[in-house]
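Visitor: I would like to learn how to read helices and their packing. Could you take me through an example, step by step?

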Amino acid sequence: MSTPIVSAVTQRWVLVLGAVASLMAALDTLVVATALSTIRHDLGASLQTLEWTVNGYNLSFAVLLMTAAVLGDRFGRKRMFMVGLGIFVAASAACAISTTVATLIAARVVQGIGAALITSLALALVSAAFPPEKRGMAMGLLQGITGLAVACGPLVGGAVAQGLSWQWIFWLNVPIGLIALPLVAARVPEGSGPDTAVDGTGLALVTGGAFGVVWGLVRGNIAGWSSSEVLIALVGGIALLIAFAVWEARTREPMFPMRLFVNRGFAAGNTAIFLTFAALFGEVFFYAQFLQAVLHYGPLGAGLRLLPWTLTLFFCAPVAGALADRIGERPLMVSGLALMAGGMLWIAVIADPAMTYGSFVVPFIVSGVGTSMVLPSAQSSVVGAVEHAMLGKAAGANSMMRELGGVFGIAIAAAVFAAAGGYGSVDEFTDGFGQAIEVGAALALLGAVVALALPGRRAGAAVDLEGVTVSV
């Protein structure tokens, strides 16, 4: 199936609206992180309970990404994107008016459902709107903005909570979403996949499997990695995901054709993006804390000092996406992940309670440039590996791997931090911080090794093999 021709004006509208919606969804992943103390004081909640204002959102977000892609293919990507945007806006308002921690957590879970629809379908809509030779540039812009939102979440949350109130973290989404909805209705073309039925068994298996894995990772450092709760969740989740793979390989109308994984671009790109986001979320989680706990900056001051790292995502990712269109994804992903690992290892080595902020600037830039090279390239390698009809499924799988990687990265980094250090003193925090960032660097370096398996630059030819576009 060939890619439908979309006008340049429509392409720009799809990209802008997809980026705006994705920015809101990505921003809310970590936006409450630096406002937790303020929210805890206002709502009278324990910090352990309040962690679910972060975890509840990430849980429903990560678990439902594949489901979102399937619903978009079945009922229309634009239609379900608008449904997701409406859910997200309504849940944001519910978060803002919450008067108890229980209602805030419930609203955050619903907000995550909307975010899953937004993120998965924005990627599918943008992928479908641009031809392969321009897709890398579009992915670079989309992922540059999304990556910037993830990295700037603590900054925005700290600035809003400190300058206004924590409720405005959520109120800001409402007017943006209400403006975007009619524009999406008027400017974005509808698209769908080839499916005419929903694979209920497949949906149940992948949703249950993702829920078990995410629950285990989120609860591991709280309940204990050897606790029956965590072990049952992880083992059960993995078993359900294996059952999903077996079911999809045998059913006559799979929701996700497992044969896509025989394609090197699809398999290596998804694995690399999992490792990239594992390293990235570990960075985001601990960099802001180090600047506050060790160098004694406030939430806003810490966020501002992360700008040399975060701004590279906005400026460099579009350039990297355009380069991927010309030279292919493999060199950008390998070198980008190597730079990301190098910058992280540099920071881990120099971390010291007596250091000055200036020592951070260059490794921040190195790591940020590396990340900027990887994000659009990985997305492009995945969606470029499949035919047009499979874009929704490819985007959903890629989004799920991204979010699962983020949850995995925070869980692993937090576990290493707790084993090597703690919050008792600046020296103790620095010890744990250094080892946590070293683990992140190792994940990024492993991603670079995986990226070596990507195919070389596509020379404009592609062979469609039973629904799988194989790069040659």
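Visitor: What should the 24 residues of helix α11 span, and how far apart are its end C-alpha atoms?

Guide: Before answering, please note that this is a predicted model. The general idea is to multiply a rise of 1.5 Å a residue along the helix, which for α11, residues 200–223, gives an expected span of 34 Å; the end C-alpha atoms are 32 Å apart, and so the two values agree.

Visitor: Where does α11 bend, and by how much?

Guide: The bend lies at L217 and amounts to about 30°. Beyond the end of the helix comes G224, whose phi is positive, near 105°.

Visitor: How are helix α6 and helix α10 oriented to each other, roughly parallel or roughly antiparallel?

Guide: Here one reads the angle between the N-to-C directions, and an angle over 145 degrees counts as roughly antiparallel. The axes of α6 (residues 77–96) and α10 (residues 173–187) cross at roughly 165° and come within 9 Å, and the two helices are therefore roughly antiparallel. Their crossing is left-handed.

Visitor: Which residues of α6 and α10 meet?

Guide: A general point helps first: an α-helix has 3.6 residues a turn, so residues three or four places apart point the same way. In this pair, the α6 residues in contact include K78, F81, M82, L85, F88, V89 and S92, while those of α10 include N173, V174, G177, L178, L181, V184 and A185. By class, the contact of α6 with α10 has twelve nonpolar, four polar and one charged residues.

Visitor: At what angle do helix α13 and helix α16 pack?

Guide: Helix α13 (residues 264–293) and helix α16 (residues 329–350) pack at about 25°, their axes being 12 Å apart; since angles under 35 degrees count as roughly parallel, that description applies to α13 and α16. On the α13 side the contact is made by A272, T276, A279, L280, E283 and Y287, and on the α16 side by M333, L337, M340, M344 and I347. These residues divide into nine nonpolar, one polar and one charged.

Visitor: How does α16 pack with helix α19?

Guide: The angle between α16 and α19 (residues 426–451) is about 165°, with the axes 8 Å apart, which makes α16 roughly antiparallel to α19. The crossing of α16 and α19 is left-handed. Among the residues that meet are M333, L337, M340, M344 and I347 in α16 and F433, I437, A441, A444 and A448 in α19. By class, this contact has 17 nonpolar, three polar and two charged residues.

Note on methods
Residues numbered from 1 in each chain as written. Predicted model: local features only at pLDDT ≥ 70, side-chain atom pairs only at ≥ 80, totals over all residues. Heavy atoms only, no water. Helix = DSSP H or I, 4+ residues; strand = E, 2+ residues; numbered from the N terminus. Expected span 1.5 Å × (residues − 1). Bend = angle between axes of the 7 residues up to and from the residue. Axes fitted to C-alpha atoms, helices over the stretch in contact; angles between N-to-C directions. Parallel < 35°, antiparallel > 145°, perpendicular 65-115°, else oblique. Left-handed = near helix turned anticlockwise from the far one by under 90°. Contact = heavy atoms within 4.5 Å. Nonpolar A, V, L, I, M, F, W, Y, C, P; charged D, E, K, R; others polar.
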